[in-house]
There are 2 protein chains.
Amino acid sequence: MTFEIKERDAAGRLCQFTTKHGNVTTPNLLPVINPNKMMVTPKEMKKRFGTDILITNSYIIYKNPELKKKALDSGVHALIDFDGSIMTDSGTFQSYVYGDVHLDPIEIVQFQRDIGSDIGTILDVFGTPGQTKEVAEQGVLETIERAKKSMSHKGEMLLACPVQGSVYPQLREYCARQLSALSADFFPIGGVVPLMENQRYSDLVRCILAAKQGLDPSKPVHLFGAGHPLIFSLAVALGCDFFDSSAYAKYANDGRMIFQWGTEKFDDLTELPCSCPICSKYSKEELTELDAKERTMQIALHNLYVSFTELKIIRIAISEGWLWKLVEQRASANPFLSEALRVLREPDHLQWLEQYEPTSKKTALFYTGPQTMYHPTIFRYHKRLFARYEPLFQTTVVFPEGTKPYSLFYSREIVDILKQKNVNLVVRSTLGPVPLELDEMYPLAQSVFPLCVDQETREIAQQVMDRFLKNNEVIVWKEHLMIPTEEPLTHPIDFDKRRISAVADMQFGVGASEALFTGKIHIVKSKRTGKIRNIICDGSHVVSMRAEDGLFTLKLDGGRRLHRRLKYPLLRVIVTDDAVPFIREGKSVFSKFVSDCDPDLRPYDECLIVDEHDMFLGVGRTILMRDELLTFRHGVAVKTRESTKEG
Amino acid sequence: MTFEIKERDAAGRLCQFTTKHGNVTTPNLLPVINPNKMMVTPKEMKKRFGTDILITNSYIIYKNPELKKKALDSGVHALIDFDGSIMTDSGTFQSYVYGDVHLDPIEIVQFQRDIGSDIGTILDVFGTPGQTKEVAEQGVLETIERAKKSMSHKGEMLLACPVQGSVYPQLREYCARQLSALSADFFPIGGVVPLMENQRYSDLVRCILAAKQGLDPSKPVHLFGAGHPLIFSLAVALGCDFFDSSAYAKYANDGRMIFQWGTEKFDDLTELPCSCPICSKYSKEELTELDAKERTMQIALHNLYVSFTELKIIRIAISEGWLWKLVEQRASANPFLSEALRVLREPDHLQWLEQYEPTSKKTALFYTGPQTMYHPTIFRYHKRLFARYEPLFQTTVVFPEGTKPYSLFYSREIVDILKQKNVNLVVRSTLGPVPLELDEMYPLAQSVFPLCVDQETREIAQQVMDRFLKNNEVIVWKEHLMIPTEEPLTHPIDFDKRRISAVADMQFGVGASEALFTGKIHIVKSKRTGKIRNIICDGSHVVSMRAEDGLFTLKLDGGRRLHRRLKYPLLRVIVTDDAVPFIREGKSVFSKFVSDCDPDLRPYDECLIVDEHDMFLGVGRTILMRDELLTFRHGVAVKTRESTKEG
């Protein structure tokens with residue numbers, strides 16, 4: 001198995017997952033195939049939806065002598081006629097639905113291995129939401145015990161060990177941690193179907209977050225039994241990679257059609273509000289006239305089209321950086337889902353999410369309501385503002401609120417005069433305080449806020465502002481404002497220098513600006529836009545400022561300066577000795593060669609590449625954050641930008 | 001032409017519109033056909049999308065000698081090979097884009113008539129957003145003048161007179177009122193393209209609302225130049241019936257694909273996040289490999305699939321009563337659209353919207369955020385609570401907040417005891433105060449609120465609660481609360497009677513309960529649910545309570561009682577004498593036979609049907625509200641439920 005991150009957004013990731021039977025792009029959906037009764041054949045799924053992974057139930061095969069024999073003789077791939085990756089479930093869910101299923105936990109793992117399943121599942125103990133903590137704990141311990149015993153029987157099969165723990169986050173996290181320690185291959189989050197059936201999405205979110213916090217981040221995570229596209233985007237944003245759908249068939253049997261916004265009864269519809277090939281081929285009337293079995297199959301196909309399309313939208317949203325926006329759009333269709341998003345505002349969860357949030361995106365940050373103030377990107381901005389930005393002067397001029405910090409309502413000329421004075425210039429914005437030096441930096445210039453925002457948003461922004469201005473003498477800017485003449489105006493600091501210093505400290509940490517910009521500074525600006533492009537210090541190009549996000553790209557000399565000034569392990573990704581020659585050749589850093597890194601590095605951060613003796617090797621851009629860097633065995637961890645040819 | 005309302009939700013309507021060339025269900029989209037260059041032929045549109053109305057440009061035909069001759073010889077239907085309804089535009093938009101087009105306003109109307117256009121458009125004066133009020137007013141006056149002159153030249157053609165007025169609501173409303181007075185047939189809202197191009201959706205909403213407030217509600221309204229599905233649902237909710245799309249082709253030429261949530265560049269996409277027949281047939285790679293012209297056409301088809309599907313979704317949302325929910329979902333994709341929804345919270349607009357809002361729906365009201373507190377249904381509930389509900393006693397017991405007023409957190413037994421006491425029982429809910437007598441009535445029992453709502457919501461609910469309790473002695477309920485013994489407990493009013501009285505007054509107005517329930521009351525309950533079903537008063541069945549919305553259905557005897565007690569024109573729909581025999585036969589009331597009605601009647605309200613001398617004819621349920629009842633010439637105004645056989 002290989003599993004590597006290709007793109008990312010929120011705590012979600014677009015990965016390539018490989019089994020003996022081929023590649024799968026995640027996030028993805030495993031349609032559930034009932035070997036007894038296939039409503040849609042795997043071949044048809046492959047043809048219509050490009051399905052290259054699916055799930056079937058080993059327990060059903062095991063219990064049916066005919067299927068069992070065929071599976072043992074020719075393998076599960078032949079049994080269901082599919083040459084992609086096959087995951088098998090173990091009968092746990094059947095035991096939850098029908099009570100005790102009389103299965104030997106080891107035997108069912110061996111059976112899955114013997115029929116050639118690509119991913120087999122242990123017989124875990126299904127934890128229900130109604131359990132006491134004690135009962136749930138027993139189930140978790142038994143699940144861990146069975147996982148341990150199963151590991152030695154898996155052979156070449158990948159083994160999926162479901163995370164249980166009912167609605168107790170501590171148990172979920174404990175279970176996840178223990179299973180991760182066993183080096184299992186694949187982690188379903190189990191026991192969540194009753195939560196989804198009752199729309200207990202807040203509890204579902206807590207379960208996912210707790211499990212993710214305990215899990216090895218380098219392994220695929222599967223939300224077991226999640227088949228309705230309504231919740232896919234949220235689950236992906238929290239780090240789930242796989243879903244499985246029997247819903248397409250169950251709902252079809254029940255005459256219900258799945259839509260992005262929920263489910264509708266076929267009989268209630270006056271027309272088909274969808275353009276999938278089924279709904280484009282048939283009118284409501286034509287579908288009604290089909291015989292019942294055929295109609296059910298067509299509805300099942302529609303359900304699959306909608307489900308797979310949602311995953312395509314999610315993958316696009318990840319690569320373009322608007323996954324949170326998609327999550328909010330979907331949540332707006334359901335009050336319980338929308339309530340569940342509030343769980344993410346809790347400080348612990350926000351802290352966890354911030355670690356995974358990319359530092360820069362292709363898509364602007366859109367204001368959608370008070371929840372935007374709890375966006376991990378805004379949370380990070382506020383955090384760094386207090387930790388890394390130092391107002392230079394005693395006096396601060398506060399500009400009135402503009403819709404966007406970069407489109408202020410006052411004349412450029414006056415601002416230009418103010419920029420020459422020894423005062424801090426800060427805009428009161430809906431994102432909180434925005435020092436003018438930072439106004440081109442992501443997410444400040446890359447955010448879209450309407451004029452009219454919620455009161456709650458204003459209050460949060462005001463609180464941050466108050467805290468920010470606490471120790472400053474404040475002048476609220478008015479047209480024709482003159483800065484008091486008693487203020488000494490000697491030696492004003494050039495505003496471009498103020499800008500590059502502030503951005504450097506915000507991006508790399510306190511001390512970075514001093515390290516990078518000590519010496520004779522030459523700032524090269526774009527002729528077309530007048531914006532800062534390159535910064536030359538003592539004749540050497542140290543950093544470039546990117547037009548798209550106003551953040552710096554590190555050059556080799558800039559890296560050297562930061563390396564000298566910032567103490568180990570700040571800003572560093574540490575590679576093992578055997579990787580050094582490859583880095584020197586300019587090759588990217590693969591995760592398996594990373595031995596440690598600065599815990600404050602975030603995805604898409606600029607970083608220093610060093611060896612285990614902290615020798616400077618080069619500069620690059622991270623793809624992974626620390627927990628991932630330390631666990632992933634496959635894929636690129638850091639894209640090397642420039643490297644030193646020798647030590 | 002006929003135009004009649006079949007279903008409705010918000011201020012939107014699902015209508016049947018008929019021209020000489022057939023029926024069209026609205027809301028609908030008119031694809032723009034460029035007669036010089038058809039990217040997709042009308043035939044193909046008919047086949048793929050069931051297109052039965054489209055729009056082409058008479059100015060382009062007029063200016064091209066060849067097209068002009070053909071159109072005059074064989075008609076515009078033959079020219080573009082389409083046998084459905086054809087609307088033609090006049091060149092106004094071209095004059096906006098290219099400057100003066102040298103057209104005679106009368107000549108172009110005559111030309112449209114002569115080529116057999118089903119709906120021709122006057123050459124109105126395009127008002128741009130940047131105009132001063134004076135310039136805009138000149139344009140409006142000239143537009144009205146041209147409309148007046150054009151009317152006598154339209155022949156059998158329907159004449160569309162665009163409402164102009166730039167961004168000045170008063171001008172928009174004035175223009176709308178003047179054009180309506182001319183009895184024009186069809187009302188585009190013009191001059192809005194620049195607003196949409198700049199995402200000035202708040203201004204767009206104000207323009208639509210102002211126009212709608214001035215327009216004859218019985219005529220189709222077309223949002224001119226609106227081709228992106230993102231705004232369809234909002235425009236429909238405000239009463240727009242038609243859109244036109246050249247966007248499908250323009251965007252395709254530009255390599256852009258339309259989606260529900262916005263627009264994406266084809267080149268930027270890694271896969272196609274859609275399941276329409278185009279995106280199901282081709283992969284991204286396959287589409288890339290097509291030659292440019294063919295690819296553009298396929299993208300145009302995709303754009304049309306997405307656009308037409310959005311209209312299907314909107315029509316389903318109207319018939320199922322979740323149009324506002326859809327509007328909010330779409331708005332969540334765009335901060336400016338979401339900002340525009342705030343305009344609807346302004347008291348004047350809310351007042352206008354409330355008039356059109358159905359009094360009962362098939363779908364529950366879902367909480368989506370503070371905006372839900374400004375939902376016309378909630379607004380109406382609060383309004384009626386203060387106008388029509390009278391607390392019976394001096395003392396009010398307030399129950400703590402429950403998620404839903406009907407699923408209280410306390411024991412049923414205690415509540416049952418309290419119900420026998422002389423105190424008001426009120427639940428503190430997120431919808432505001434809910435007297436226990438009303439807790440099964442729409443929208444109280446038919447709303448879904450999560451446990452955790454926004455602070456703004458709580459504050460609004462609290463304000464209404466405070467106002468409601470102002471003159472009452474308040475006891476906040478706690479477990480084991482005992483009502484003070486000094487309180488006289490004699491003659492408690494049976495709670496079922498309290499319930500039917502309160503609901504009757506809320507639904508029909510003050511005095512209704514006294515009229516309906518004076519005499520010996522017998523309440524028939526459902527054996528299965530224990531809920532109130534029928535109320536017999538002095539041996540006669542006066543009303544039934546509906547299980548789905550907890551509101552009353554009027555029986556003939558109930559109608560008689562209300563008719564005696566409630567003064568003219570309360571609760572009445574007044575029909576002309578020639579309709580009387582039909583009503584007596586139990587036929588429904590057609591709008592053209594309505595001479596007036598109670599201005600407080602709302603869609604789907606129970607009503608009294610009377611003749612012009614206020615003789616009671618029967619009871620029914622309204623389909624239309626007053627402004628509609630007085631203007632619509634086609635369709636059912638009131639569904640007669642029961643009628644008297646003689647006077």
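The lining of the largest cavity is a mixed bag: 14 nonpolar, 12 polar and 10 charged residues. Keep in mind that this is a predicted model. Besides the cavities, this briefing takes in one helix of chain B and one glutamine of chain A.

**Largest cavity**
- Its volume comes to about 620 Å³.
- Of the 36 residues in the lining, those closest to the centre are T368(A) and Q371(A) from one chain, with T368(B), G369(B) and Q371(B) from the other.
- Four elements give two or more residues each to this lining: α15 (323-331) and α16 (335-340) of chain A, plus α15 (323-331) and α16 (335-340) of chain B.
- A search of the whole structure turns up 13 cavities of 30 Å³ or more.

**Second largest cavity**
- This one has a volume of about 330 Å³.
- There are 23 lining residues, and Q260(A), S275(A), T309(A), Q260(B) and S275(B) sit nearest the centre.
- Helix α14 (292-320) of chain A and α14 (292-320) of chain B are the elements that supply two or more residues to the lining.
- Sorted by class, the lining of the second largest cavity holds 15 nonpolar, six polar and two charged residues.

**Helix α7 of chain B**
- Helix α7 (residues 169-181) of chain B has 13 residues, so at 1.5 Å a residue it should span 18 Å, and that agrees with its end C-alpha atoms, which are 18 Å apart.
- The buried residues of α7(B) are L171(B), R172(B), C175(B), A176(B), L179(B) and S180(B).
- Looking down the axis of α7(B), you find the buried residues within an arc of 165°, so they line one face of the helix.
- The general pattern behind this: an α-helix has 3.6 residues a turn, so residues three or four places apart point the same way.
- Over on the other side of α7(B), Q170(B) and A181(B) are exposed.
- As for partners, the buried residues of α7(B) pack against α6 (133-151), β9 (187-189) and α9 (201-214), also in chain B.
- After α7(B) comes S183(B), with a positive phi near 60°.

**Q329 of chain A**
- Q329(A) belongs to helix α15 of chain A, one of the elements that line the largest cavity.
- With a relative accessibility of 7%, Q329(A) counts as buried, because the cut-off for that is under 20%.
- Setting aside neighbours within four places in sequence, Q329(A) is in contact with W261(B), Q329(B), S332(B) and A333(B).
- Within chain A, Q329(A) and C175(A) are 154 residues apart along the chain, and their C-alpha atoms are separated by 32 Å.

How values were computed. Residues numbered from 1 in each chain as written. Chains lettered and ligands numbered in written order. Predicted model: local features only at pLDDT ≥ 70, side-chain atom pairs only at ≥ 80, totals over all residues. Heavy atoms only, no water. 1 Å grid on protein atoms, 1.4 Å probe; cavity = no way out; pocket = protein on both sides within 12 Å on 5 of 7 lines; lining within 4 Å. Points joined across faces, edges and corners; volume = space filled by probe spheres on them. Nonpolar A, V, L, I, M, F, W, Y, C, P; charged D, E, K, R; others polar. Expected span 1.5 Å × (residues − 1). Buried < 20%, exposed > 50% of the residue type's maximum accessible area, 1.4 Å probe, protein only. Arc of directions from axis to C-beta. Contact = heavy atoms within 4.5 Å.
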